[in-house]
Amino acid sequence: MKKLLVIGALFLLTALFFSCSFERESTDIQYLIGVAQANLSEPWREVMNTEILETAKSYPNVRVVFANAGNSWEKQEADIDKLIRSGIDLLIVSPVESREITPAIGRAHSLIPVIVIDKAIEGYDYSLFIGVDNFLVGKQAGRFIKRQAGSDEIKVIEITGSADSLPVAERMHGFREELVELENIHLIESYSADWLRDKAQDITTENIDLFSGSDVVFAHNDAMAFGVYRAFAEAGINDKIIIGIDGLTGPEGGLALVQAGILEATITCPTGGTEAVNRAMDILSERDGLPKKIFLRSSLMTQSTLKEHYARLPRNTGRTPEDPIVLGFAQLGSESTWREANTKSIISAAEESGITLLFENAELNQGKQIAAIRSFIEAEVDVIAFAPIVSTGWDDVLKEAKAAGIPVICSDRTVEVADETLVTTYLVADFIEEGRRAAVWLVDETRNRDDVRIVEIGGLVGSTPAIDRANGFADFIDRFDTHQIIDSEPGDFIRNLGYDVMTRFLLRHERIDAVYAHNDDMALGAIRAIEEAGLEPGSDILIVSIDGVKDAFQAMKKGKLNCTVECSPLLGPQLMKAVQDYVNGEELPLRIITEEGVFPMEVAKEFFSSRLY
Ligand code: GYE
């Protein structure tokens, strides 16, 4: 309690809380960062503010001003406008409600960079999103209860945060998805206690008969979990399993509650305050290769993992700044223009950052890629990174890397592994969103037609871009009975195979209105086939593809390709930043999602010269 009071006083002293008017001109501040906070009634948000303040202190001439919306989105909208008027250089906003505050954030983003933290908003009208994957957090809680239950019959009660909040919906979804097939685990009731300890305590006391008949209580934050514990203690009940979320430090923080055996487990939910300020400085100093989304890592904490957790802190790498950093990178092949640009970006970024790079190219052979990773383990590199050719078959070699204490970063594509801790970070694009964007463009472009016949040239079977781009596209197209995917074949992201597949489609189908290709190279192959068939690519048959390579812009300038959805291969700088951050002892986020755009042919001329790959 005393420490919180000190933090509070510190907070008031050092941060110009936004009640008083603030004239920028009167100080020699280099950067003024505005923070629009949702409320100050949750301990988690106080920790976020403190992290923001503490981190900002490590940058000279940076000042932070806070506004507290008191859980009212109307107030938050006014706060954002006021912060803008006070001359801030960048806004950090933790939304009260996602949908309602989206327009105000869009307005701010048209003027200055905006970092959205904690709750995602609709669309992409912001600079960067930072938060945990709440769906995964719900799954982690479900998995823990599954392990605890084994085959025993158990009854579970859930206590959620504010009913209409996005994190609650995602946690409930992940939790239920994990338990749905199990007949021995029964979710008997779910209450909302608005993230508040005392409200959870009251609910438990008011329904003590039901709670005393349960075996497990899952609360969406540690404060509420502690409230349940207090109600049980009052009723003399001490045989229930209680789990929470947040895992904050401090006397009433989740880590201490687990340590004391009050909670059986908690799932850490980093606030993102530190990350937000560090990334804000990257944005303000216009650093290269900035991501669009950062998902922070959430980890299950029980008494035993806590011991490991503390044993790992501070992660003493035993390195001196002089020690060269050695990165082993296992590339999957050279199948496309995109891939060649990706390889170049990684090699040049390693050179620029003075990182020693061991580079292997598996030429589209998974066995070779696994062998390359094994050779990096033997070479005792500091970090391993690879672009997984397909999504499965990596558990064994990744277990070997973990056993050797070498972190693994997945670059550009993801993997499916049983243990999510086998991969330290994913530096990837949002392939589902790319597929959705291609479909949105096509439906819009053909909105006056009522029978659009689409063929799809898919990527390498089993690879995440092929799986997700197909789903993202089909999920949107399926909403319109005017549009139909009449045929689909894989072209493995290779230009000539795109040509072969399109040639077959043209022989099989009398009328084709549009081609959806999972990458530009295959689309360029398809263009050749369409021309050979005596048709006009881009007009007789519309073509939309993904990557945004220069050749695609060339084809758009000639009117042969209609639209390309960007997927940046220039991952080198971000990968090297992640490697350096890790070696410097920082905890890396779970997922870093790259920034991307959509380029219809109308803008091809304008952007052609600025294309870097
Ligand atoms: O779209 C394609 C390449 O994995 C995102 O692989 C990458 C894809 C890219 O062959 O051109």
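**Exercise 1. State whether Cys 567 is buried or exposed, and explain why Cys 567 forms no bond with Cys 563.**

Solution.
- Step 1: Cys 567 has a relative accessibility of 2%, so Cys 567 counts as buried. The model is a predicted one.
- Step 2: The closest cysteine sulfur to that of Cys 567 belongs to Cys 563, at 14 Å, which is too far for a bond. A disulfide would need the two sulfur atoms within 2.5 Å.
- Step 3: Across the structure, the number of disulfides is zero. Cys 563 is accordingly in none, its nearest cysteine sulfur being that of Cys 567.
- Step 4: Cys 563 is also buried, at a relative accessible area of 0%.

**Exercise 2. Find which residues of helix H7 are buried, and show why they lie on the same side of H7.**

Solution.
- Step 1: Helix H7 runs over residues 197–206, and its buried residues are Ala 200, Gln 201, Ile 203 and Thr 204.
- Step 2: These residues span an arc of only 165 degrees around the axis, and therefore sit on the same side of H7.
- Step 3: The spacing fits the geometry of an α-helix: with 3.6 residues a turn, residues three or four places apart point the same way.
- Step 4: The packing partners of the buried H7 residues are two strands and two helices, namely E7 (154–160), E8 (185–192), H8 (208–212) and H9 (222–234).

**Exercise 3. Describe the second largest pocket by its volume, its lining residues and the elements that supply them.**

Solution.
- Step 1: The volume of the second largest pocket is about 980 Å³.
- Step 2: Its lining has 29 residues, and Asp 133, Thr 414, Tyr 426, Asp 468 and Arg 591 are the closest to the centre.
- Step 3: Elements that each give at least two lining residues include helices H5 (134–149), H16 (431–445) and H17 (464–477), and strands E12 (291–296), E18 (425–428) and E24 (591–594).
- Step 4: By class, the lining of this pocket has 15 nonpolar, three polar and 11 charged residues.

**Exercise 4. Work out how many cavities of 30 Å³ or more the structure has, and which residues line the largest cavity closest to its centre.**

Solution.
- Step 1: The search of the whole structure gives four cavities of that volume or more.
- Step 2: The largest cavity holds about 100 Å³ of space.
- Step 3: Among its 13 lining residues, Trp 338, Arg 339, Arg 413, Arg 469 and Asp 547 come closest to the centre.
- Step 4: Helix H13 (337–352) and H17 are the elements that give two or more residues to this lining.
- Step 5: The lining of the largest cavity comprises five nonpolar, two polar and six charged residues.

Terms used: Residues numbered from 1 in each chain as written. Predicted model: local features only at pLDDT ≥ 70, side-chain atom pairs only at ≥ 80, totals over all residues. Heavy atoms only, no water. Buried < 20%, exposed > 50% of the residue type's maximum accessible area, 1.4 Å probe, protein only. Helix = DSSP H or I, 4+ residues; strand = E, 2+ residues; numbered from the N terminus. Arc of directions from axis to C-beta. Contact = heavy atoms within 4.5 Å. 1 Å grid on protein atoms, 1.4 Å probe; cavity = no way out; pocket = protein on both sides within 12 Å on 5 of 7 lines; lining within 4 Å. Points joined across faces, edges and corners; volume = space filled by probe spheres on them. Nonpolar A, V, L, I, M, F, W, Y, C, P; charged D, E, K, R; others polar.
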